[in-house]
Amino acid sequence: MRRLVQAPVPGQTCLSPLHQRGTRWAQKGNDVEENQKVKTQWPRSADEPGVYMAQTVEGQWLEWGAWSRCSVTCANGTQQRTRRCSVAAHGWAECKGAHADARECANAPCPSDSKWGPWNHWSLCSKTCDTGWQRRFRMCQGTGVQGYPCEGSGEEVKTCNEKKCPAYHEMCKDEYVMLMTWKKTAAGEVIYNKCPPNATGSASRRCLLNAHGVAYWGIPSFARCISHEYRYLHLSLREHLAKGQRVLAGEGMSQVVRSLLELMARKTYYSGDLLFSVEILRNVTDTFKRATYTPSSEDVQRFFQVVSYMVDAENRDKWEDAQQVSPGSVHLMKVVEDFIHLVGGALKAFQSSLIVTDNLVISIQREPVSAVSSDINFPMKGRRGMKDWARTSEDKIFIPKDMLSLSSSEMEESSHFVVGAILYRTLGLILPPPRSPLAVTSKVLTVTVRPPPKPTEPHVMVELSHVINGTSQPQCVTWDYSKM
């Protein structure tokens, strides 16, 4: 805003600095210089008008900046440069003339055999259904300018998402389940969401169509959700692994097994927790091995009780869900076998151990390579502590002692066999079938022997009773998951 200064007595001079556009207003007597802007105003207390003048301050251009790079790499292009106006002491100045300059630049002629560069990625589709379009571009190598001088087009367009947009009844509606909001989506699509607040990871859910063509939500999958308590237990396991002393590491694993058993006993876990528990048991087994620490009988009982909880029939749906991520039940079998050999290696010659739970019967025995005591019959139903489901079971396995033999060179390396046999009451319900269209209709028997005996004439004999009546073409099958 300009300040107006009343004219003084003739012959005197007054100055009033103004900061509007860097001007200075002044008046001197009644003489007005040419090329000056003049304004008049009647003073409040004078009969003669006062004369007011404004003078413009012109700035100075600084040196021109450097020329920019040529706009092309071959043939003729353009370059640009700029300059700045100097700032006066009062903070503003006006410079006359252009602040930018341009000129032509010349390069070597573009090669006549220019080639197109690679196409970049396709753009996102313009529509999610009912046919949209995508674009992608390529550059002519050597020019930096799209489409010149290469022959052909530097742009390509294609259609996408040509499927018809779903009708209203083919859309799953928004739904709030287990503290999670599932946004509407079309049938056949899978939606991902954060796990419930007590877990980390991602949950998923598929929108399905029923027999009448109406969309509905499937059961949420929590195969990638891990509860905080299981995550914390795994962190504590890593802390125990960091302990250098053998005894401390072994005792730490005992504590981990106890904590895992307490969590499993609550039976409030996700399918992802089952997969994570397999990993925890594997780490426990490996740590016991590295620390050359012999698990106590209580540790062994707790370990197999954890496994018994995991393979319970109530978890059938959870294991089926988990198979979307990993065949966890198969990996669990391998972990159990490794732990059996860990326990068996600490037994004395001809010593055996029997563990019985609601879903497992495990027999572990150690036999000298040079003198296997007797044939192995499993399960021994008359043993003390045997559960009724195992005592009345018609399933059994027979291992002749002549089968347990090694070559002379192998006998020098190994002094004993560790033989483990497991009868799983419910594993058949949660194992993926060995091949389609087979279905497991019995309990599962596994035998593990280390070191592997040499092939001999006697064979292992297995008898398994059917759990499901009316089975057609029954046959005994074996799994080979050695490559998993």
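1. Quick term before we start: a residue is buried when its relative accessible area is under 20%, exposed when over 50%, and partly exposed in between (1.4 Å probe, protein chains only). By that yardstick Cys105 is buried, with a relative accessible area of 8%, while its disulfide partner Cys70 is partly exposed at 21%.

2. Keep in mind that this is a predicted model, where local features need pLDDT of at least 70, side-chain atom pairs count only at pLDDT 80 or more, and totals for chains, interfaces and linings use all residues. Residues are numbered from 1 along each chain as its sequence is written, and side-chain values use heavy atoms, leaving out hydrogens and water.

3. For the big picture, the protein chain has nine helices and 23 strands (DSSP runs numbered from the N terminus: helices are H or I, at least four residues; strands are E, at least two). Of its 484 residues, 38% count as buried.

4. Now the disulfides (pairs of cysteine sulfur atoms within 2.5 Å): the structure holds six. One of them joins Cys70 to Cys105, S to S 2.0 Å. This pair links distant parts of the chain, 35 residues apart: Cys70 sits in the loop between strands S4 and S5, Cys105 in strand S6. The S-S torsion is about 75°, so this disulfide is right-handed.

5. What is the handedness of the disulfide between Cys195 and Cys225? Its torsion is about -90°, so it is left-handed. The sulfur atoms of Cys195 and Cys225 are 1.9 Å apart. Both ends are buried: Cys195 at 9% relative accessibility and Cys225 at 0%.
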